[in-house]
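Biologist: I'm new to this one, so could you show it to me and let me ask how each label is earned?

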Amino acid sequence: MGVAPPQPPAWLTLDGQAASAPAGVPVPGPATRTRAALHETLADALALPSWYGHNWDALADALADRLDTGPLTLVVTDAANLLADEPPAQLGTLLDVLGAVAAGGHETLRVVLREQPERLPALRARIAAALGGHVGAPPSDAT
C-alpha cells in the first residue's frame with residue numbers, strides 16, 4: 001500500500017472550475033513565472049507599501065500587515081505558470097511563506113490556484129512535491 005501524497009493545507013485550494021471565479025484579488029499566473037515577476041505582480045495587485053523589498057521576508061511582512069486589515073483571498077489564474085521558470089524549491093519557499101502568514105495572521109488568508117481541468121493534475125503534483133519536501137532546500141534569497 002502506497003503513501004498518499006500530502007493534502008494541501010486548509011488555506012490552499014486547487015481549483016479546476018475555470019467557469020466560476022471565486023471572489024478575491026486576481027493574480028495572473030502568466031505574470032508570475034519568475035520570482036521577480038511574482039513579487040512585482042503581487043506588489044501591483046495588492047498595492048503593497050513602498051517599503052516592500054520584493055523578497056520572501058518582505059512578502060511575509062507585507063501580507064501579515066495586509067491581514068491586519070481583514071481577510072484576504074488571492075486567486076491565481078493559469079496557476080501552472082506560478083514560478084514555472086524557477087527551480088522547484090522556489091515554489092516550496094512561496095508555499096512556506098504563505099503558510100506561515102496564514103498560520104500567524106489575525107485574519108484569514110486563502111489562496112486559490114485555478115487551472116484548466118486538464119492541467120490540474122500536473123499542478124497538483126507540483127504542489128504535492130513542494131509540500132512533501134521533495135524539492136530540496138530553498139535557495140538563498142539574494143537578488
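Modeller: Sure, let's go through the labels one by one.
This is a predicted model, where local features need pLDDT of at least 70, side-chain atom pairs count only at pLDDT 80 or more, and totals for chains, interfaces and linings use all residues. Residues are numbered from 1 along each chain as its sequence is written, and side-chain values use heavy atoms, with hydrogens and water left out.

Biologist: Which helices and strands are there, and what makes a stretch count as one?

Modeller: The protein chain has 4 helices and 4 strands. Helices are DSSP runs (H or I, at least four residues), and so are strands (E, at least two), numbered from the N terminus. Read from that end, the order is β-β-α-α-β-α-β-α.

Biologist: How do you know which strands pair?

Modeller: Two strands pair if DSSP finds at least two bridges between them. Strands β2 and β3 (residues 72-77) are joined by 4 bridges, so they pass, and they run parallel. One example is Val 25, whose bridge partner in β3 is Leu 74. Altogether, 4 strands form an open sheet in the order β1-β4-β3-β2, with parallel pairing.

Biologist: What makes β1 and β2 edge strands?

Modeller: Each of β1 (12-15) and β2 (25-28) pairs on one side only.

Biologist: Why are α3 and α4 called roughly perpendicular?

Modeller: Helix α3 (residues 88-104) and helix α4 (residues 120-131) pack at about 75 degrees, with axes 9 Å apart. The axes are lines fitted to C-alpha atoms, for helices over the stretch in contact, and angles run from 0 to 180 degrees between N-to-C directions. Under 35 degrees counts as roughly parallel, over 145 as roughly antiparallel, 65 to 115 as roughly perpendicular and the rest as oblique. The angle of about 75 degrees falls in the 65 to 115 range, so α3 and α4 are roughly perpendicular.

Biologist: Which residues make that contact?

Modeller: Leu 91, Gly 92 and Leu 95 come from α3, while Arg 126, Ile 127, Ala 130 and Leu 131 come from α4. Contact here means heavy atoms within 4.5 Å.

Biologist: What makes Arg 114 and Asp 15 a salt bridge?

Modeller: The definition asks for a side-chain nitrogen of Lys or Arg within 4 Å of a carboxyl oxygen of Asp or Glu. For Arg 114 and Asp 15 the N to O distance is 2.0 Å, so the pair qualifies. The pair links distant parts of the chain, since Arg 114 is in strand β4 (residues 109-114) and Asp 15 is in strand β1, 99 residues apart. Both Arg 114 and Asp 15 are buried.

Biologist: How many salt bridges does the whole structure have?

Modeller: The search finds 3. Among them, Arg 119 and Glu 115 meet at 3.8 Å, N to O, and that is within the 4 Å limit, so this pair counts too.

Biologist: Why is Glu 115 called buried, and Arg 119 partly exposed?

Modeller: Buried means under 20% relative accessible area, exposed over 50%, and partly exposed in between (1.4 Å probe, protein chains only). Glu 115 has 1%, so it is buried. Arg 119 has 38%, so it is partly exposed.

Biologist: And why is Asp 44 called exposed?

Modeller: Asp 44 has a relative accessible area of 58%, which is over 50%, so it is exposed. Its place is in helix α1 (residues 35-45).
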